[in-house]
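Trainee: I'd like a close look at just one part of this protein, please. Pick a residue, then show me what sits around it.

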Amino acid sequence: MATRELANFLRSRRDRIKPSAVGLPAGGRRRAPGLRRAEVAMLAGISPDYYMRLEQGRGIRPSPSVLDGLSRALGLNTDERDHLYRLARSEPSPPHLPAEGPVDANVRRLLEAIAPVPAYVINGRLDVLAWNRTAAALMCELAEQPEPRRNMLRYAFGDPRARDFYVAWEEVARHGVAQLRTATGRDPGDPANGALIRELADGSPEFRDWWRRQDVKGPGIGRKEYRHPVVGRLSLDYIGMVLPNTLDHQFVTLTAPEGSPSQAALEKLAVQRYEVSAG
């Protein structure tokens, strides 16, 4: 499966690059909008035949120097380069860490200690593994779901209310799809990832379209805007960090500037009572 994923990923990155962007003439007949295979091979410093075998998924294992050349030729960002390395399996695998292990008790204490700041722990496919009361109050519609169904992508694509809750719904949903794609690169055969992908693809044409784009992302820093059914609109800054001694558990916090309307709204949410058990 990883070989097929590598082939699909390379094709998707090649198709998005205009020849003019890398100093190549755009003339002549092109069956696809992006670069030709031979052009990628030239830019990466490898033979066209070798690159063709990569895109055909013929099971070869490229060296780190070849992968670095492809990363430069295809203009990959840090997350995409990491994804390429993992799919190609050309470097030693990271130490085996339990992706589905329980959230450490110290992490759960931290979640409660930093309240009223909303904070939660998710895995690579965006299952909610643990959260504090303020996070549950903020994501009250997701909190209505039973613990095994608390997944941010399932909510984004399966609950119509999510499109109103997230002010920039498409941006949030596409980022989530890219994070799920990254999770499949870490463990292409994970059955839980596969089941979620099939569920979302069966129910959402948007998910099917964005999944085919092969975009990948990891945890990050940014801002999200929400329309909460009780306290109204909030603008919150988020930070996502991978927890030590885990494969993909992310600790996420959401904050607002001191004295802002969003901070006042968070203080109201902090006294709301929601069931917060998870994991």
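Mentor: Let's start with Gln214, which is buried because its relative accessible area is just 5% (buried means under 20%, exposed over 50% and partly exposed in between, with a 1.4 Å probe and protein chains only). Keep in mind that this is a predicted model, where local features need pLDDT of at least 70 and side-chain atom pairs count only at pLDDT 80 or more, while totals for chains, interfaces and linings use all residues. Residues are numbered from 1 along each chain as its sequence is written, and side-chain values use heavy atoms, leaving out hydrogens and water.

You'll find Gln214 in the loop between helix H13 (205–212) and strand E3 (221–228). Helices (H or I, at least four residues) and strands (E, at least two) are DSSP runs, numbered from the N terminus. The backbone here is worth a look too: Gln214 isn't a glycine, yet its phi is positive, about 65°. Most residues other than glycine have a negative phi.

Now, who touches Gln214? Glu5 does, and a contact means heavy atoms within 4.5 Å. Glu5 sits in helix H1 (residues 2–15), and with a relative accessible area of 11% it is buried as well. Leaving aside neighbours within four places in sequence, Glu5 also contacts Leu87, Arg181 and Thr184.

Follow Leu87 and Arg181 and you reach a helix pair. Helix H5 (residues 78–88) and helix H11 (residues 169–186) pack at about 30°, with their axes 8 Å apart. Those axes are lines fitted to C-alpha atoms over the stretch in contact, and angles run from 0 to 180 degrees between N-to-C directions. H5 and H11 are therefore roughly parallel, a label for angles under 35 degrees (over 145 is roughly antiparallel, 65 to 115 roughly perpendicular, and the rest oblique).

On the H5 side, His83, Arg86 and Leu87 make the contact, while H11 brings Arg181, Thr182, Gly185 and Arg186. Sorted by type, these residues are one nonpolar, three polar and three charged. Here Ala, Val, Leu, Ile, Met, Phe, Trp, Tyr, Cys and Pro count as nonpolar, Asp, Glu, Lys and Arg as charged, and the others, Gly among them, as polar.

For contrast, try Asn245, in the loop between strands E4 (232–242) and E5 (250–255). Asn245 also has a positive phi, near 60°, but with a relative accessible area of 67% it is exposed.
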